[in-house]
Amino acid sequence: MPKPSENALIPLKIASIYAAVAGIWIIFSDELLAALVADPVTLIRLSILKGWLFVIVTAVLLWWLIRRYVTALLQRDATLQEIVQGVSAATGEEFFASLAKHLAGTLRTDFALVGELTGETPPRIRTIAMFGKGRPMANFEYSLTGTPCAEAITGKGNGAGCFFSEGVTRKFPADHLLVEMGVEGCICTPLRDSAGQTMGVMAALSCRPMKEKALADSLFQIFATRAAAELERRRTELKLREREHLLEQQFTQLTTIFDSVSAVIYVADLATHELLYLNKFGVSLFGENWQGKRCYEFLQAGQEDPCSFCTSESLAIDGEPRPPYVWEFQNSVTGRWYQCIDRAIRWPDGRLVRMEIAFDISERKDMEQMKDELVSAVSHEMRTPLTAMLGYTEFMLENEVPPAEQKEYLRTVHHETERLSELIGNFLDLQRLKLRPEPFNVRRLAVETLLSEAAALFGAAPQRHRLTVDCPPGLPQIVGNSGQLHQVLVNLISNAIKYSPEGSAISLGAVREGESVVIRVTDEGMGIPAELQDKIFEKFYRIDNTDRRMVGGAGLGLALVREIVTAHGGRVWVESTLGKGSTFFVELPALPESSS
Ligand code: ADP
């Protein structure tokens with residue numbers, strides 16, 4: 001509480017002096033009058049006058065004293081109200097504005113300001129709130145050097161503040177602001193944090209001399225304590241916000257990196273399997289609504305319990321993360337192969353979680369499979385023609401063979417070479433298609449031309465098979481790679497020739513069906529059992545019976561047909577009756593009429 005000021009003591013002094021004078025007057029006035037006046041009548045009159053005078057003086061004095069007292073009480077009340085309002089407003093900028101206003105009001109000064117050190121050398125102050133001449137003023141910066149505030153921080157009072165009742169501009173002529181504002185008296189104090197570091201200053205400036213240092217000091221300190229606390233809170237809040245911003249930035253940077261990687265990256269709780277993070281690549285494969293789901297529910301198909309191959313248990317021992325675990329598996333949702341790197345990491349909330357980075361290695365797996373297939377093709381299919389070629393040529397080299405037989409042997413060698421070349425060609429085509437599934441060099445193609453060009457290739461065969469092409473006029477065009485589609489027809493026609501008796505008919509045709517063109521290749525051959533009509537499109541699949549084994553082939557022709565047709569957005573299937581013949585259908589998207 002503030003100490004009673006000098007002014008407040010004056011009425012008390014006056015009352016005491018009056019009481020003393022009145023006492024002396026009451027005791028000695030009668031004797032004094034009696035000594036001065038001899039006439040009894042005059043003495044009585046003077047005594048009455050003396051009584052009235054005493055009453056009047058006492059009444060005036062009482063009235064004056066009460067008025068002073070009430071005014072002092074009201075003033076004190078107003079001051080207290082100012083203090084309460086000044087220091088209890090909200091927080092932040094609003095708080096400092098209110099504090100400056102009420103500080104000026106309480107101390108009855110023309111200006112009040114709160115400012116903080118900018119951190120520069122030489123030190124500068126940036127005001128947070130400035131109140132002057134009855135209204136808030138714009139904030140500004142000023143150099144601390146040569147100002148009363150500098151003395152308040154470092155000065156004689158050990159940095160405990162300073163008070164100048166008058167003549168402040170004369171003492172600090174370098175402080176142009178003070179001079180400009182016409183400041184006469186001022187009070188200023190440093191604002192320190194809880195560690196004692198100076199954060200800023202608070203000042204009240206008056207254009208008239210400032211009196212009552214003790215009162216001003218004590219009132220000022222109330223505001224200063226609250227201002228310092230708020231300044232420190234504000235600083236902590238700013239630092240916290242900066243930290244949050246930095247963390248947010250770092251998080252954004254990290255997620256940007258994670259999102260730009262073409263690998264699935266996710267984080268899941270080690271114990272509950274709850275998904276905590278999934279990168280964009282993962283979202284594009286598995287969907288958006290992963291929050292709150294378990295990894296096995298969301299990233300696997302039809303999995304209701306943790307996966308049997310879950311790595312969680314091997315990632316940490318006794319709560320300590322272990323080295324990363326690298327493994328490969330085929331995902332049941334995408335059907336693709338992944339190489340996964342799993343490791344236990346600490347999540348921001350302290351718990352251990354599993355982070356998995358899964359790279360798609362399906363292509364590598366395909367290549368590996370292709371290599372295996374090549375090895376098996378070499379060992380089975382390629383060996384047969386090579387053995388025949390080697391046998392016949394060796395025989396011819398080592399023996400005298402008559403020309404007619406030579407020709408027969410050479411025909412066999414030629415036939416086997418063709419088989420081998422077809423096998424290698426089909427195999428390489430398939431491999432190329434795997435690496436580049438999208439058809440390239442596409443253009444508009446007339447179906448009829450495709451069919452007749454393919455049929456023309458087998459021009460030498462008519463004696464053995466009757467080959468016809470039947471296309472209705474006005475068929476829509478299709479879009480595709482002519483070489484690849486030519487290959488499709490060649491494979492189907494050559495199969496039709498291979499698997500049907502000499503002299504039988506082979507017909508090619510095409511019709512429009514809705515948005516598609518359906519091409520067919522029909523033969524009157526041996527046919528295909530119903531249960532194998534899907535299988536024959538698989539790589540290296542050949543129907544195993546003696547009839548067919550007589551006919552050469554590696555089981556790649558139809559696989560290639562299906563691969564090319566699928567890449568063109570179409571489909572291929574067969575309808576067949578054993579012993580009667582087969583029709584292979586190829587459906588391809590038709591080019592809309594308008595663009596034909
Ligand atoms: P390849 O003819 O080299 O054996 P394909 O992939 O072209 O390989 O054909 C796979 C199998 O499908 C053949 O082995 C054959 O048994 C059967 N097949 C294909 N086309 C016909 C057809 N037109 N008539 C009867 N069977 C066929």
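Two strands count as paired here if DSSP finds at least two bridges between them. Strands themselves (E, at least two residues) and helices (H or I, at least four) are DSSP runs, numbered from the N terminus. Keep in mind that this is a predicted model, where local features need pLDDT of at least 70, side-chain atom pairs count only at pLDDT 80 or more, and totals for chains, interfaces and linings use all residues. Residues are numbered from 1 along each chain as its sequence is written, and side-chain values use heavy atoms, with hydrogens and water left out.

**Around strand β2**

Let's start with the hairpins. In the one made by β2 and β3, two residues sit between the strands, and Lys 133 takes a positive phi near 50 degrees. The other one joins β1 and β2 with six residues in between, and there Gly 119 in the turn has a positive phi of about 95 degrees.

Strand β2 (residues 124–132) is mostly covered, with seven of its nine residues buried; buried means under 20% relative accessible area, exposed over 50%, and partly exposed in between (1.4 Å probe, protein chains only). Its antiparallel pairings look like this:

| Partner of β2 | Residues | Bridges |
|---|---|---|
| β1 | 111–117 | seven bridges |
| β3 | 135–137 | three bridges |
| β4 | 141–143 | three bridges |

For landmarks, Val 114 has Ala 129 in β2 as its bridge partner. Gly 132 is matched with Arg 135 in β3, and Ile 125 with Tyr 142 in β4.

**The antiparallel sheet**

Next up is an open sheet of five strands, ordered β9-β8-β14-β13-β12, with antiparallel pairing. β9 (275–278) and β12 (325–330) are the edge strands, each with a single partner, so one side of each has no neighbour in the sheet. From one strand to the next, the twist averages 25 degrees; axes are lines fitted to C-alpha atoms (for helices over the stretch in contact), and angles run from 0 to 180 degrees between N-to-C directions.

At the β9 edge, β8 (residues 263–269) pairs with β9 in the antiparallel sense over three bridges. One landmark there is Ala 268, whose bridge partner in β9 is Leu 275.

Over at the other edge, which residue is worth a look? Glu 328 has its place in strand β12. Is Glu 328 buried or partly exposed? Glu 328 is partly exposed, with a relative accessible area of 32%. Leaving out residues up to four places away in sequence, Glu 328 touches Trp 337, Tyr 338, Gln 339, Ile 361, Arg 364 and Lys 365, where contact means heavy atoms within 4.5 Å. Glu 328 and Ile 341 lie 13 residues apart in sequence and 8.9 Å apart in space, C-alpha to C-alpha.

**The mixed sheet and helix α13**

There is another open sheet, this time with five strands in the order β16-β18-β19-β21-β20 and mixed pairing. β16 (466–470) and β20 (571–577) stand at its edges with a single partner strand each, so one side of each is left without a neighbour in the sheet. Direction ignored, neighbouring strands of this sheet are turned by 15 degrees against each other on average. β20 pairs with β21 (residues 581–589) in the antiparallel sense over seven bridges, and Arg 571 stands opposite Glu 587 in β21.

Helix α13 lies across β16, β18 (505–513) and β19 (516–522), running at about 165 degrees to β18.

**Two helix pairs**

The axes of α13 (residues 447–457) and α14 (residues 482–498) come within 9 Å and cross at roughly 55 degrees. That makes α13 oblique to α14; angles under 35 degrees count as roughly parallel, over 145 as roughly antiparallel, 65 to 115 as roughly perpendicular and the rest as oblique. The crossing is right-handed, meaning that the near helix is turned clockwise from the far one by less than a right angle (anticlockwise would be left-handed). By class, this contact has nine nonpolar, two polar and one charged residues; Ala, Val, Leu, Ile, Met, Phe, Trp, Tyr, Cys and Pro count as nonpolar, Asp, Glu, Lys and Arg as charged, and the others, Gly among them, as polar. Leu 450 and Leu 451 are among the α13 residues involved, and Leu 485 and Leu 489 among those of α14.

Helices α3 (residues 93–107) and α7 (residues 213–260) pack at about 175 degrees with their axes 11 Å apart, and are therefore roughly antiparallel to each other. Their contact includes Phe 95, Phe 96 and Leu 99 of α3, along with Phe 220 and Phe 223 of α7. The class count for α3 with α7 is 11 nonpolar, two polar and four charged residues.
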